[in-house]
Amino acid sequence: MTSVMRVGFVSPTPTGTNFPRMPRSATHLRGDGWYGWQWQVGDTRSRLRQNMAVVSGALLAGPKLVVTDVDSTLIVQEVIEELAAAAGTRTQVANITAAAMAGKLDFAHSLALRVATLQGVPVTVFENVLARIRLRTGARELIDNVHRCGAHFGVVSGGFIEVVTPLAAQLGIDYVRANRLEIKDGFLTGRTVGKIVTGEVKEEALRTWAGTELDRSVAIGDGANDLPMLNAAGLGIGFCPKPVVAKNADAVLDWPNLGAAWGMICPTSYGKCASSSPNLHKN
């Protein structure tokens, strides 16, 4: 007996030369700056393309939990690089970040190297960085759609709780896990406090929040330290991913509109869950 699966394909344009062959019965979706199509298949032996995901099993009814990375996924910037700008070490930190996200450096070691450069920066930097944060296009749309369908939204970050927590509160995000910087007399010491949020800790957070419904979870991220949670989730989506992530994720969204991920994962009752207007949600 053939199991039923659903294919979700998304694009920044309504037509294109790289579109897959799809049945006339495909459901047409539309969001803020993206277009999508869904259809049922009996197997996926044909090679999947970019911006296409296969949903099967319990996830066909829609996700119960969506978890994303923060830096370069939910937001445009890398928070530690914004902090490093205040210390005059931005270039140095950016180079270390790039190597870590490509999987060329152990994440915990790379974080220690980067955080050490922040020694002596005043805590007022957090407010300044938060004011400069730019949400990824479609971030609010994805969060709203997840909540509209009765699911929860979480973020896991190798960045810092001092910036991520107030950002999450502004967006109505349900769960947060991030690193904490050590502070003494109003200045950063160049060290972190507590357990480092490595890739394995990101997976641990996903599993804890999903509980018994891990198969109805979706994880989205761009870097090598996101792979453990992408592999553990019911569906793992690489978002504008580094090559190592593109190679190993279940699906890849290769242009920077996070809202388009909903076109890959939303349940069949899309019209009841998502915005009916492509201009409803603005970042």
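The following exercises, each with a worked solution, concern a predicted model of one protein chain.

**Exercise 1.** Work out how compact the protein chain is for its 283 residues.

*Solution.* Begin with the secondary structure, which in this chain amounts to 12 helices and 11 strands. Next, take the radius of gyration, which is 19 Å, and set it beside the 19 Å that the globule rule gives for 283 residues; the two values are close, so the chain is as compact as a globular protein of that length. Then add the outline, since the C-alpha atoms fill a box of roughly 65 × 40 × 35 Å along the principal axes. Finally, turn to burial: with buried taken as under 20% relative accessible area, such residues make up 55% of the 283 in the chain.

**Exercise 2.** Determine the strand order of the open four-stranded sheet, and state which strands lie at its edges.

*Solution.* The order is β2-β3-β1-β4, and the pairing is antiparallel. The edge strands are therefore those that pair on one side only, namely β2 (27-31) and β4 (52-56). Neighbouring strands of this sheet are turned against each other by 25° on average, with direction ignored. For the contact between β1 (residues 5-11) and β4, count five bridges in the antiparallel sense, and note that F9 stands opposite M52 of β4.

**Exercise 3.** Identify the buried residues of helix α6, and describe the phi of G150, which follows this helix.

*Solution.* Within α6, which covers residues 139-148, the buried positions are A139, E141, L142, I143, N145 and V146. After the helix comes G150, whose phi is positive, near 80°.

Definitions and conventions
Residues numbered from 1 in each chain as written. Predicted model: local features only at pLDDT ≥ 70, side-chain atom pairs only at ≥ 80, totals over all residues. Heavy atoms only, no water. Buried < 20%, exposed > 50% of the residue type's maximum accessible area, 1.4 Å probe, protein only. Helix = DSSP H or I, 4+ residues; strand = E, 2+ residues; numbered from the N terminus. Pairing = 2+ DSSP bridges. Axes fitted to C-alpha atoms, helices over the stretch in contact; angles between N-to-C directions. Rg over C-alpha atoms; globule rule 2.2 N^0.38 Å.
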